[in-house]
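User: I'd like to go through a structure with you and ask how a few of the labels were earned. Could you set the values against the cut-offs for me?

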Amino acid sequence: MTTQTERPVPAGPVQRKVAGGVGRGRDRRAGEVRLLSSLGHVALVVWAVIVIVPILWTFLASFKNTTEIFSSPWTLPGELRWENWGRAWTQARVGRFFVNSVIVVTCGVFGTMLLGSMAAYVLARYRFVGNRLIYYLFVSGLAFPVFLALVPLFFVVDNLGLLNSHTGLVLVYIAYSLPFTVFFLAAFFKTLPTSVAEAGMIDGCSHTRLFFQVMLPMAKPGLISVGIFNIIGQWSQYQLPLVLLSNAEDKWVLTQGIADISVNAGYEADWSGLFAALTMAILPMILVYAIFQRQIQSGLTAGALK
């Protein structure tokens, strides 16, 4: 019995043309991906230079004298003049303004996180009449610019007797930070497992205890992320303190103090003290972001991964 060896049938012209077209299409897409990736890296490098260079220049200028700042702005300082920092801290009262900012931002962020997390949890986990309406009212605050409400806000705070006080400023900070906080945390609370909440209720947890002892610890990544954003936003706020603390210089926050130094620098020419004050305002936020960078990234991606 004779056996015949099967030979592969050569591809026809149509098959070769299709295979070649698929290969060329795949190569074209790979080239487009590499091009977009290269452009993205170039854009990131340009953005990093735009952000880092002014900060680095400000830090170096804080150790120079006025002559070095204007005659050789792009060179290293001749010596580290820490007296510039001391002069800004004491004579320009940056130390006082710094403490005021810490007090206001601490109270503002605490109130924002407490009220925002409770509101977001209820809106995300409970169903009741008007749920969506209340949620959209919160979210609509994201599209409302701060400067549009400065005039009515001034009269509201004045009528409450809280003008030129840290209490009034803290309440306004909380009000303006709640929309983003509720929007962010409501989406995060929806990703938490319902089975855990049901198990807690079966074990006899009240709604308050379930929230503070079970659900809130589970939302820790999201709380850290939105908390850092609120700290940075409230720390760098200038318009609201300018309007609400205009006649209380001893209660000014750091942004107002630096603005005052900037105005006076045109007459007193203490540019080194100005840059030292700017560095003092910038460094805390850089350190906060650097320390909690991993928590911020995990909080932003946790909802998507779940």
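What follows is a short run of questions about burial, ring pairs and a helix crossing.

Analyst: Sure, and keep in mind that this is a predicted model.

User: Why is Ser-165 called buried?

Analyst: Buried means under 20% relative accessible area. Ser-165 has 14%, so it counts as buried. You'll find Ser-165 in the loop between helix H6 (150-159) and H7.

User: What does Ser-165 touch, not counting residues up to four places away in sequence?

Analyst: Ser-165 touches Leu-244, Leu-245 and Lys-251. There's also something closer in sequence: the side chain of Ser-165 reaches the backbone nitrogen of Gly-168 at 3.3 Å. The cut-off for a polar contact is 3.5 Å, so that distance falls within it.

User: What makes Phe-59 and Phe-63 an edge-to-face pair?

Analyst: Two things. Ring centres have to lie within 6.5 Å, and those of Phe-59 and Phe-63 are 5.3 Å apart. Planes over 60 degrees apart count as edge-to-face; here they sit at 80°, so the label fits. By the ring-pair rule, the count comes to 19 aromatic pairs.

User: Are those two rings' residues buried or exposed, or something in between?

Analyst: Phe-63 is buried, because its 2% is under the 20% cut-off. Phe-59 has 33%, which lies between 20% and 50%, so Phe-59 is partly exposed.

User: Which residues form one aromatic cluster?

Analyst: That would be Tyr-121, Tyr-126, Phe-189, Phe-211 and Phe-212.

User: How do you know that Met-280 is buried?

Analyst: Its relative accessibility is 9%, and the limit is 20%, so Met-280 counts as buried. Met-280 is found in helix H13 (residues 271-291). Leaving aside neighbours within four places in sequence, Met-280 is in contact with Trp-85, Ala-88, Trp-89, Val-94 and Phe-98. Take Ala-88: it is 192 residues from Met-280 along the chain, yet their C-alpha atoms are separated by 9.4 Å.

User: How do H4 and H7 cross?

Analyst: Two packed helices are described by the angle between their axes and the distance between the axes. The axes of H4 (residues 94-125) and H7 (residues 166-190) come within 6 Å and cross at roughly 40°. The crossing of H4 and H7 is right-handed. By class, their contact has 18 nonpolar, 9 polar and 2 charged residues.

Definitions and conventions:
Residues numbered from 1 in each chain as written. Predicted model: local features only at pLDDT ≥ 70, side-chain atom pairs only at ≥ 80, totals over all residues. Heavy atoms only, no water. Axes fitted to C-alpha atoms, helices over the stretch in contact; angles between N-to-C directions. Helix = DSSP H or I, 4+ residues; strand = E, 2+ residues; numbered from the N terminus. Left-handed = near helix turned anticlockwise from the far one by under 90°. Nonpolar A, V, L, I, M, F, W, Y, C, P; charged D, E, K, R; others polar. Buried < 20%, exposed > 50% of the residue type's maximum accessible area, 1.4 Å probe, protein only. Polar contact = N/O pair within 3.5 Å; in protein donor to acceptor, adjacent residues only side chain to side chain. Contact = heavy atoms within 4.5 Å. Phe/Tyr/Trp six-rings, centres within 6.5 Å; stacked < 30°, edge-to-face > 60°.
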